[in-house]
Amino acid sequence: MAWLRAALLLWLLPLGGGHAVAEEQTVLLVAHADVTTQRLTRDTTRAIFAMRQRTWPNGQAARVFVLPNDHPVHERFVKERLAVYPHQLQLAWDRMVFSGTGQAPDRVRHQAEMLERIATTPGAIGYLEREYLDDRIQVISMD
């Protein structure tokens, strides 16, 4: 029985280690420093990124920035934080653009550009890995 316990422990060990790595690579919701909203629900965040809600809860205009659909950080953010798939979000954007009822978010090439655009655009919202954060932007909590 002791060998079974030891084998089970060895089998589960990589799962624990992998969890710590996943925590470090969490993609954070970020905004321009002038945004007064500190917390958003998943539904509100999803509505903002789907371009259905064009303002922050206090009425300030929201300017949405995203990475390319095939960027690993975009894929993680959309799946983990918004609970949708990148292609679903793209379909929503395409529908609005083609019907003339809205526009797609501003696309940036990489996280360094995301940081610069959010830091310099009032009302901006986007997402970054922790290593890209600096004091020019703020992290928005998600419920």
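This report walks through the confidence, the salt bridges and one buried glutamate of a predicted protein model.

**Confidence**

Let's start with how far the model can be trusted. The average pLDDT of the protein chain is 88, and 83% of the residues score at least 70. Residues 2-24 are another matter: pLDDT stays under 50 there, and the model has zero contacts for them beyond four places in sequence. Where pLDDT is low, the predicted coordinates should not be read in detail.

**Salt bridges**

The structure holds eight salt bridges. Three pairs are set out here with their N to O distances.

| Acidic residue | Basic residue | N to O distance |
|---|---|---|
| Aspartate 143 | Arginine 39 | 2.4 Å |
| Aspartate 106 | Arginine 63 | 2.6 Å |
| Glutamate 116 | Arginine 136 | 2.8 Å |

Take the pair of aspartate 143 and arginine 39, whose side chains meet at 2.4 Å. This salt bridge links distant parts of the chain, 104 residues apart: arginine 39 sits in strand 2 (residues 39-40), while aspartate 143 belongs to the segment after strand 7 (141-142). Both partners are exposed.

Next comes the salt bridge between aspartate 106 and arginine 63. Because aspartate 106 lies in strand 4 (residues 106-107) and arginine 63 in strand 3 (residues 63-66), the pair ties together parts that are 43 residues apart in sequence. Aspartate 106 is partly exposed, with a relative accessible area of 24%, and arginine 63 is also partly exposed, at 36%.

Glutamate 116 and arginine 136 form another salt bridge. Here glutamate 116 comes from helix 5 (residues 111-120) and arginine 136 from the loop between strand 5 (124-129) and strand 6 (137-139), so the pair joins parts 20 residues apart in sequence. Glutamate 116 has a relative accessible area of 38% and counts as partly exposed; arginine 136, at 31%, is partly exposed too.

Finally, a network of salt bridges links Arg109, Glu113 and Arg117.

**A buried glutamate**

Glutamate 129 deserves a look of its own. This residue lies in strand 5, and its relative accessible area is 13%, which means that glutamate 129 is buried. What does the side chain of glutamate 129 make a polar contact with? The partner is the side chain of arginine 76, at 2.8 Å. Not counting residues up to four places away in sequence, glutamate 129 touches Gln25, Thr26, Val27, Val73, Arg76 and Gln111. Leucine 29 is 100 residues away from glutamate 129 along the chain, yet their C-alpha atoms are separated by 9.0 Å.

How values were computed:
Residues numbered from 1 in each chain as written. Predicted model: local features only at pLDDT ≥ 70, side-chain atom pairs only at ≥ 80, totals over all residues. Heavy atoms only, no water. pLDDT = per-residue confidence, 0-100. Contact = heavy atoms within 4.5 Å. Salt bridge = Lys/Arg side-chain N within 4 Å of Asp/Glu carboxyl O. Helix = DSSP H or I, 4+ residues; strand = E, 2+ residues; numbered from the N terminus. Buried < 20%, exposed > 50% of the residue type's maximum accessible area, 1.4 Å probe, protein only. Polar contact = N/O pair within 3.5 Å; in protein donor to acceptor, adjacent residues only side chain to side chain.
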